[in-house]
Amino acid sequence: MANKKIEKLIIIGSGPAGLTAAIYAARGNLNPLVIAGREAGGQLMWTTDVDDYPGFENGVLGPDLMAKMRKQAERFDTRFINEDVISVDLKKKPFVVQSESRQLTTESLIIATGASAMWLGLESEQRLRGRGVSACAVCDGFFFKDKKVIVVGGGDTAMREVNYLSRMCKQVSVVHRRDKLRAQPALQELVKSKKNVDFILNSQLEEVLGQEKVTGVKIKNTQTGKISQLEVDGVFIAIGHKPNTGFLKGELELDEKGYVLVEDEVYTKIPGVYVAGDLADHRYRQAVTAAGAGCKAALNVEEYLQKLELPSEGNGILQ
Ligand SMILES: Cc1cc2nc3c(=O)[nH]c(=O)nc-3n(C[C@H](O)[C@H](O)[C@H](O)COP(=O)(O)OP(=O)(O)OC[C@H]3O[C@@H](n4cnc5c(N)ncnc54)[C@H](O)[C@@H]3O)c2cc1C
C-alpha cells in the first residue's frame with residue numbers, strides 16, 4: 001500500500017535511540033512517524049533491573065523505562081507503526097521506506113535499529129535470560145559482586161567483559177571452545193594477569209542450570225566429550241553482536257560486521273539521513289549513549305529541514 005503523504009521525518013526503531021529522537025523531534029514540531037519494529041522497545045525489553053540510567057535512584061525495570069520513553073514521545077504527538085522495515089531507497093528524494101504493510105516517503109530519516117547480542121541457542125540459556133544469564137557485563141556485572149561467573153567466548157569483546165567482571169566478581173571462568181583465545185595479545189595478557197580469572201579451554205557450554213535463577217553450568221570438553229558441572233551465579237555470553245542493518249545493504253556504507261559507518265556518531269554520507277545508537281556503535285552499547293545519539297540525530301534533522309526551507313543563499317542562522 002503506497003501512502004501519498006510525504007512525512008517530514010521517519011524514525012526507524014523504538015529503542016532508547018529511536019524514542020529519544022522522537023521526543024526531541026516531536027517537541028521540535030516535526031510530527032515524527034516511528035516505525036517501531038516488531039520488537040518494539042528494543043533490547044531493554046529483555047532485561048529486569050536497569051541501575052545505570054540516570055534519573056532513577058532505585059533503578060528501573062527495562063520494560064518500564066521503555067514504556068515511559070514511549071509515553072513521553074506520544075505526549076508530544078509522535079505516531080507509531082509496530083512493523084519492521086523491509087527496505088529503504090535512499091537514492092530517491094523524498095526517501096522511500098517500505099515497511100511490512102506500506103510504502104512511505106519522507107524528507108528525512110533517522111535509523112535506530114540497534115543490534116542484537118548473539119546467543120548460543122540453548123533452551124536453558126534463553127529461559128534464564130535476565131535471571132543470571134546476560135550478554136552485557138557493564139549492564140549486569142554489578143549484580144554479581146563477590147560472586148562466581150563464567151564468560152563464554154574467546155575474542156576481544158569477551159576479554160573486555162572478563163576484565164570488567166574481574167574487578168567485582170569473586171571468580172571469573174572463561175569458557176572457550178578452542179585451545180587458544182582469539183583476542184588480541186594485549187587483552188589476553190591483561191586478563192591472564194588477573195588472579196581471579198581462570199580459563200576452561202577446549203570446552204563448550206552445554207546447559208545452564210537453575211529454575212528461578214542460575215545455580216551452575218554443565219560444560220563439555222570438546223576433545224574428550226567429558227561433561228563437568230560448575231557452580232556459578234552468573235553466565236555472560238560474549239560471542240558478539242549483530243547490528244540490525246541487513247535492510248541497509250547497498251544504501252549506506254557498512255563495515256565488515258554490518259555496523260553503519262558514521263562521522264561524528266550520527267552523520268551518514270547522505271544529507272538528511274542520520275543514524276543513532278547501537279547499529280553504529282560497537283564500543284559503548286549503552287542505553288544512555290544510544291539516547292544521546294538519538295537526541296543529536298533529531299537536532300540535526302531539525303537543522304537539515306530548516307535549511308531545506310530557506311532560500312538557497314540561506315539567512316545566516318545556520319552553519
Ligand atoms: C539483556 C540486556 C541488558 C541490558 N542492560 C543495560 C543496562 O542495564 N544499562 C544500559 O545502559 N544498557 C543496557 N543494555 C544495552 C542497551 O539495551 C542498548 O545499548 C540500547 O538498547 C541500544 O539502544 P538502540 O536504540 O540503539 O537499539 P535497541 O534497543 O536495540 O532498539 C532497536 C529498535 O529497532 C527496532 N528494529 C530493528 N530492526 C528493525 C527493522 N528492520 N525495522 C523496524 N524496526 C527495527 C527494534 O524492534 C527496536 O525497537 C542491555 C542490553 C541487553 C541485551
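User: A residue is near a molecule if its C-beta atom, placed from the backbone, lies within 6 Å of it. The model is predicted. How many residues surround the ligand?

Analyst: The closest residues to the ligand are G15, G37, G42, G114 and G277. These five belong to the group that surrounds the ligand. The count for that group is 42 residues.

User: Which helices and strands each supply at least two residues of the shell around the ligand?

Analyst: Each of these elements gives at least two residues to the shell. By class, that shell has 21 nonpolar, 15 polar and six charged residues. The elements are α1 (16-27), β9 (115-117) and α7 (287-309).

User: Why does the ligand lie between the domains?

Analyst: The domain assignment splits the protein chain into domain 1 (2-116 + 241-309) and domain 2 (119-237). The ligand lies between them because residues of its shell come from both domain 1 and domain 2.

User: How far apart are the C-alpha centres of domain 1 and domain 2?

Analyst: Five residues of domain 1 are in contact with five residues of domain 2. On the domain 1 side, the touching residues divide into one nonpolar, three polar and one charged. The separation of the two C-alpha centres is 32 Å.

User: What is the order of strands in the open sheet of five strands?

Analyst: Pairing in this open sheet is parallel. Its edge strands are β10 (133-134) and β13, each pairing on one side only. Read across, the order is β10-β17-β11-β12-β13.

User: How many bridges join strand β12 to strand β13?

Analyst: Strand β12 covers residues 171-175 and strand β13 covers residues 197-200. The two run parallel. Among the bridge partners, V174 goes with F199, and V175 goes with I200. The number of bridges joining the strands is four.

User: Which helix makes a β-α-β unit with β12 and β13?

Analyst: The unit contains β12, a helix and β13. It is right-handed. The helix spans residues 185-192 and is α6.

User: Which peptide bond is cis?

Analyst: P94 sits in the loop between β6 (85-89) and β7 (95-99). The bond leading into P94 has omega near -5 degrees. That cis bond runs from K93 to P94.

User: In which loop is the place of D146?

Analyst: D146 is a residue other than glycine, yet its phi is positive, near 60 degrees. Its loop lies between a helix, α4 (137-140), and a strand, β11 (148-152). The place of D146 is thus the loop between α4 and β11.

User: What average pLDDT does the protein chain have?

Analyst: 96% of the residues score at least 70. Over residues 313-319 the pLDDT is below 50, and beyond near neighbours in sequence this stretch has five contacts in the model. For the protein chain, the average pLDDT is 93.

Technical notes
Residues numbered from 1 in each chain as written. Predicted model: local features only at pLDDT ≥ 70, side-chain atom pairs only at ≥ 80, totals over all residues. Nonpolar A, V, L, I, M, F, W, Y, C, P; charged D, E, K, R; others polar. Domains from an automatic or database assignment. pLDDT = per-residue confidence, 0-100. Contact = placed C-beta atoms within 7 Å. Pairing = 2+ DSSP bridges. Right-handed = clockwise from strand over helix to strand, strands pointing away.
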